[in-house]
Amino acid sequence: ISRKVINNVALIGPPGSGKGSYGKILADQLPATLISTSDVIRNIASRGTENEKIRAAIDSGSLLDDSMVSEALQSYLLSSSSSSSGKLNAASKITIFDGFPRTIDQVKIMEETWPSHLKINGVINLEVPRKVCEMKLQGRRRCKNCGKSVNIADVNHQVEEHFVLPPVLCNCSSPSYVIMREDDRCLDVMEKRLDLYYNLTTPILEHFETSGLLLPFAPFKGYLDMPRFEETVRDWLANTNCVAPSTL
């Protein structure tokens, strides 16, 4: 019986789900190479005259179209995998993508144009209820004294069944918290961001679920659930004949 091998994994989660933080911790634990699409795009924008179309779009404040994002990411992966100074971790068998794919068209472009060894062949979906995400988005702050990013939201059983996410604060004796992002002040903007996320992401999840390549996970206790998250991902990878070495 042939078993599917998953080695390129997309980590997907709504704004406010903690996806970026979970991704960094998971990549350290497995270990895995973490690819941040936003970091790749910013890196391209900082280079001389290379990729003029992408730089022009970024400089003008325009959104990059799906083909530009896919092309930029594929170019980065190819150059990194062929260069000894690249960021791909040769010791890890797994690559985790944060921020790609964002649309079903990006999935189609990736599946049609990327070499097989780079194609995403598994998706982890962070199942965090919309109400929880809204609270976490509205609770984002930065301490002016120590510079630490914090979250003052207190999510508990009364807010959403099973989810217990207490505030994450700094250790300052007299903290001074300020809002990190201006769009967190506006409920309408936040709602539109979440609406856009769900509209764009639902077809992606359906696509990978149909292929049997979707792993749902609900981080009920936030960072305290990282051991359970790591174990769940390891079991999933092991069952597809691609397991990372244990760090225990």
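Contact here means heavy atoms within 4.5 Å. Helices (H or I, at least four residues) and strands (E, at least two) are DSSP runs, numbered from the N terminus. The model is predicted: local features need pLDDT of at least 70, side-chain atom pairs count only at pLDDT 80 or more, and totals for chains, interfaces and linings use all residues. Residues are numbered from 1 along each chain as its sequence is written, and side-chain values use heavy atoms, with hydrogens and water left out.

**Exercise 1. Find which residues of helix 5 meet helix 7, and describe the packing.**

Step 1. Locate helix 5 at residues 104-113 and helix 7 at residues 187-210.

Step 2. List the contacts. Ile-104, Val-107 and Glu-111 come from helix 5. Helix 7 supplies Leu-200, Pro-203, Ile-204, His-207 and Phe-208.

Step 3. Sort these residues. Ala, Val, Leu, Ile, Met, Phe, Trp, Tyr, Cys and Pro count as nonpolar, Asp, Glu, Lys and Arg as charged, and the others, Gly among them, as polar. The contact of helix 5 with helix 7 holds six nonpolar residues, one polar and one charged.

Step 4. Read the geometry. Axes are lines fitted to C-alpha atoms, for helices over the stretch in contact, and angles run from 0 to 180 degrees between N-to-C directions. The two helices pack at about 45 degrees, with their axes 8 Å apart.

Step 5. Classify the angle. Under 35 degrees is roughly parallel, over 145 roughly antiparallel, 65 to 115 roughly perpendicular, and the rest oblique. Helix 5 and helix 7 are therefore oblique to each other.

**Exercise 2. Work out the strand order of the open sheet and what helix 7 touches there.**

Step 1. Apply the pairing rule: two strands pair if DSSP finds at least two bridges between them. Five strands then form an open sheet in the order 2-3-1-4-8, with parallel pairing.

Step 2. Mark the edges. Strand 2 (33-36) and strand 8 (214-217) each pair on one side only.

Step 3. Add the twist. Neighbouring strands are turned by 25 degrees against each other on average, direction ignored.

Step 4. Inspect one pair. Strand 1 (residues 8-12) and strand 4 (residues 122-126) share four bridges. Ile-12 stands opposite Asn-125 in strand 4.

Step 5. Place the helix. Helix 7 packs on the sheet and touches strand 1, strand 4 and strand 8. Its direction makes about 135 degrees with that of strand 4.

**Exercise 3. Determine how many disulfides there are, and check Cys-143 and Cys-170.**

Step 1. Set the rule: a disulfide is a pair of cysteine sulfur atoms within 2.5 Å. The count comes to zero.

Step 2. Check Cys-143. Its closest cysteine sulfur, in Cys-146, is 3.8 Å away, too far for a bond.

Step 3. Check Cys-170. Its nearest cysteine sulfur, that of Cys-172, is 3.8 Å away.

Step 4. Score exposure. Buried means under 20% relative accessible area, exposed over 50%, partly exposed in between (1.4 Å probe, protein chains only). Cys-143 is buried at 0%, and Cys-170 is buried at 10%.

**Exercise 4. Locate the cis peptide bonds at Pro-31 and Pro-101, and the positive phi at His-162.**

Step 1. Take Leu-30 to Pro-31: this bond is cis, with omega near -5 degrees. Pro-31 sits in the loop between helix 1 (19-29) and strand 2.

Step 2. Take Phe-100 to Pro-101: this bond is cis, with omega near 0 degrees. Pro-101 lies in the loop between strand 3 (95-98) and helix 5.

Step 3. Turn to His-162. Its phi is positive, about 80 degrees, although it is not a glycine. His-162 is in the loop between strand 6 and strand 7 (177-179), and is partly exposed at 47% relative accessibility.
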